[in-house]
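Thank you for sending this entry for comment. My remarks are set out below as numbered points, to be read beside the sequence and the coordinates.

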Amino acid sequence: MRTQRHEWGRYNVNVNAICPGYIETGINRDYWQTEAGKKLVNMLPRRRVGQAEDLDGLVLLLAFEQSGFINGAVISADDGLTVG
């Protein structure tokens with residue numbers, strides 16, 4: 001990503017990454033209802049799985065022209081799962 005932010009920056013293109021935590025999707029929805037899935041959810045800080053809509057605000061932030069100075073950022077959106 002470091003190379004991309006430099007290469008594309010000269011063309012006024014920002015390169016950022018969103019690193020989501022556990023997000024429920026159509027592919028994994030059934031898993032969260034299994035014993036293994038419930039056990040994993042119980043180990044999460046808020047004991048919940050995110051929804052795709054939980055990422056909307058961050059995506060919009062990065063899409064706004066006013067965020068033009070954000071370039072090369074890696075942003076965790078994981079409800080506190082990772083630290084640091």
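The points below go from the chain as a whole to single residues.

1. Please keep in mind throughout that this is a predicted model, and that every value quoted here is computed from it. Three helices and four strands make up the secondary structure of the chain, and, read along the sequence, these elements follow the pattern α-β-β-α-β-α-β.

2. On overall form, the chain has a radius of gyration of 16 Å, whereas the globule rule gives 12 Å for 84 residues; the computed value is well over that figure, so the chain is more spread out than a compact globule. The extents of the C-alpha trace along its principal axes can be set beside this, for they come to about 50 × 25 × 20 Å.

3. As for burial and surface, 19% of the 84 residues in the chain are buried. The chain has an accessible surface of about 6600 Å², and carbon and sulfur atoms account for 54% of that area. Where charge is concerned, there are 9 positive and 10 negative charges in the chain, and the mean positions of the two sets lie 8 Å apart.

4. The contacts deserve a separate remark. Of those in the chain with a separation of 6 or more, 68% are between residues 24 or more positions apart.

5. I turn next to the aromatic residues, among which the count of pairs comes to three. One of them joins Tyr22 and Trp32, with 5.7 Å from centre to centre and 75 degrees between the planes, an edge-to-face arrangement. Tyr22 belongs to the loop between β1 (17-20) and β2 (23-24), and Trp32 to the loop between β2 and α2 (35-43), so this pair ties together parts that are 10 residues apart in sequence.

6. Another pair is formed by Tyr31 and Trp32, whose ring centres are 5.1 Å apart; because the planes stand at 70 degrees, and over 60 degrees counts as edge-to-face, this pair is edge-to-face. Tyr22, Tyr31 and Trp32 together form one aromatic cluster. How buried or exposed are the members of this cluster, Trp32, Tyr22 and Tyr31? Trp32 is buried, at a relative accessible area of 7%, while Tyr22 is partly exposed at 37% and Tyr31 is partly exposed at 36%.

7. At the start of the chain, Met1 is placed in the segment before α1 (2-9), and its relative accessibility of 35% makes it partly exposed. Which residues does Met1 touch, leaving aside those up to four places away in sequence? They are Val15, Asn16, Ala17, Gly72, Ala73 and Val74. For Val15, which is 14 residues from Met1 along the chain, the separation of the two C-alpha atoms is 7.2 Å.

8. Towards the other end, Ser76 is part of strand β4 (residues 74-77) and is partly exposed, with 45% relative accessibility. Apart from residues up to four places away in sequence, Ser76 touches Cys19 and Thr82. From Ser76 to Glu65 the C-alpha distance is 21 Å, with their positions 11 residues apart in sequence.

9. Thr82, one of the residues touched by Ser76, lies in the segment after β4 and is likewise listed as partly exposed, at 47% relative accessible area. Between Thr82 and Gly50, 32 residues apart in sequence, the C-alpha atoms are 14 Å apart.

10. Finally, two backbone angles could be looked at by eye. Most residues other than glycine have a negative phi. Asn12, by contrast, has a positive phi near 70 degrees; it is found in the loop between α1 and β1 and is exposed, at 71% relative accessibility. Arg47, which is not a glycine either, has a positive phi of about 50 degrees. Arg47 lies in the loop between α2 and β3 (50-51), and with a relative accessible area of 53% it counts as exposed, because the cut-off for that class is over 50%.

Key
Residues numbered from 1 in each chain as written. Predicted model: local features only at pLDDT ≥ 70, side-chain atom pairs only at ≥ 80, totals over all residues. Heavy atoms only, no water. Phe/Tyr/Trp six-rings, centres within 6.5 Å; stacked < 30°, edge-to-face > 60°. Helix = DSSP H or I, 4+ residues; strand = E, 2+ residues; numbered from the N terminus. Buried < 20%, exposed > 50% of the residue type's maximum accessible area, 1.4 Å probe, protein only. Rg over C-alpha atoms; globule rule 2.2 N^0.38 Å. Contact = heavy atoms within 4.5 Å. Areas by Shrake-Rupley, 256 points an atom, 1.4 Å probe, with all protein chains shown as cover. Lys, Arg positive; Asp, Glu negative; His and termini not counted. Charge placed at Lys NZ, Arg CZ, Asp CG, Glu CD.
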